[in-house]
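Thank you all for coming; please bring the structure up on your screens, and I will talk through how its parts are put together.

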Amino acid sequence: MIKFHCVHLKWQIFVTIEVVVDTNVLVAGLISGKGPNREILRRCLQGDLLPFVGNALYLEYQDLLNREKIQHLCKQTSVSLIEFLDGFAQVCIAVDAHYLWRPNLKDEGNNSLPTGKIVKIKLQYPHDG
């Protein structure tokens with residue numbers, strides 16, 4: 001939850017930003033100990049960001065984290081990565097996407113992402129320029 005406050009008017013606004021964490025962000029965040037992808041995961045776990053996940057996306061998370069190459073890059077075992085995923089799932093909101101029309105994106109896997117409540121986030125660090 002992100003807190004905005006105005007000392008002069010003595011009020012506060014609490015905002016939780018709803019996001020969909022794509023697989024590339026999840027994996028990059030687990031591989032790197034710092035950077036914007038790791039910060040997105042951290043903020044999801046802290047409650048600043050509210051991740052939405054559908055069944056297809058969650059199954060894709062599981063598939064990727066069970067790959068030996070990903071485990072090697074993350075320097076983790078499949079058990080520890082699945083434990084992370086279980087914890088991450090605890091802060092996620094499960095969504096069941098229903099469409100009046102079906103997206104027709106080049107990447108078939110992205111056709112299942114719910115797009116109604118997505119906020120794109122770019123975290124800017126001083127050293128990023």
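Let me begin with a term: a residue is called buried here when its relative accessible area is under 20%, exposed when that value is over 50%, and partly exposed in between. Please also keep in mind that this is a predicted model.

With that cut-off in hand, consider strand S4, which covers residues 49–54. Of its 6 residues, 5 are buried, so S4 is largely enclosed by the rest of the structure.

What order do the strands of the open sheet follow? There are 3 strands, arranged as S3-S4-S5 with parallel pairing, and the edges are formed by S3, at 17–19, and S5, at 93–95, each of which pairs on one side only. On average, and with direction ignored, neighbouring strands of this sheet are turned by 30 degrees against each other.

Looking at the pairing in detail, S3 and S4 run parallel and are joined by 3 bridges, with Ile-17 standing opposite Leu-49 of S4. On the other side, 3 bridges likewise connect S4 with S5, again in parallel; here Val-53 has Ala-94 of S5 as its bridge partner, while Gly-54 stands opposite Val-95. Helix H3, residues 55–65, packs on the sheet, where it touches both S4 and S5, and its direction makes about 95 degrees with that of S4.

Turning now to the interior, the largest nonpolar core holds 25 residues, and those with the most contacts inside it are Val-21, Leu-26, Leu-30, Tyr-61 and Phe-88. At least two residues of this core come from each of helix H1 (23–31), helix H2 (36–46), S4, H3, helix H4 (68–74) and helix H5 (78–91), and H3 gives the most, with 5 residues. Val-21 is a useful place to stand and look around: once its neighbours within four places in sequence are set aside, its contacts are Leu-26, Ile-40, Leu-41, Cys-44, Pro-51, Leu-57, Tyr-61 and Phe-88.

Next to Val-21 in the numbering comes Asp-22, found in the loop between S3 and H1. Is Asp-22 buried, partly exposed or exposed? Its relative accessibility is 24%, so Asp-22 counts as partly exposed. Asp-22 and Tyr-58 are 36 residues apart in sequence, and their C-alpha atoms are 9.9 Å apart in space.

I would like to finish with H1 and the way it meets H3. Two packed helices are described by the angle between their axes and the distance between the axes. For H1 and H3, the axes come within 10 Å and cross at roughly 35 degrees, and the crossing is right-handed. From H1, Thr-23, Leu-26, Val-27 and Leu-30 take part, meeting Leu-57, Glu-60, Tyr-61, Leu-64 and Leu-65 of H3; by character, the residues of this contact divide into 7 nonpolar, 1 polar and 1 charged.

Within H1, the buried residues are Thr-23, Val-25, Leu-26, Val-27, Gly-29 and Leu-30, and what covers them includes H2, H3, H4 and H5. Leu-26 and Leu-30 therefore appear in several parts of this account, being among the buried residues under the 20% cut-off, among the residues with the most contacts inside the core, and among those of H1 that meet H3.

Key: Residues numbered from 1 in each chain as written. Predicted model: local features only at pLDDT ≥ 70, side-chain atom pairs only at ≥ 80, totals over all residues. Heavy atoms only, no water. Pairing = 2+ DSSP bridges. Helix = DSSP H or I, 4+ residues; strand = E, 2+ residues; numbered from the N terminus. Axes fitted to C-alpha atoms, helices over the stretch in contact; angles between N-to-C directions. Contact = heavy atoms within 4.5 Å. Core = buried A, V, L, I, M, F, W, Y, C linked by side-chain atoms within 4.5 Å. Buried < 20%, exposed > 50% of the residue type's maximum accessible area, 1.4 Å probe, protein only. Left-handed = near helix turned anticlockwise from the far one by under 90°. Nonpolar A, V, L, I, M, F, W, Y, C, P; charged D, E, K, R; others polar.
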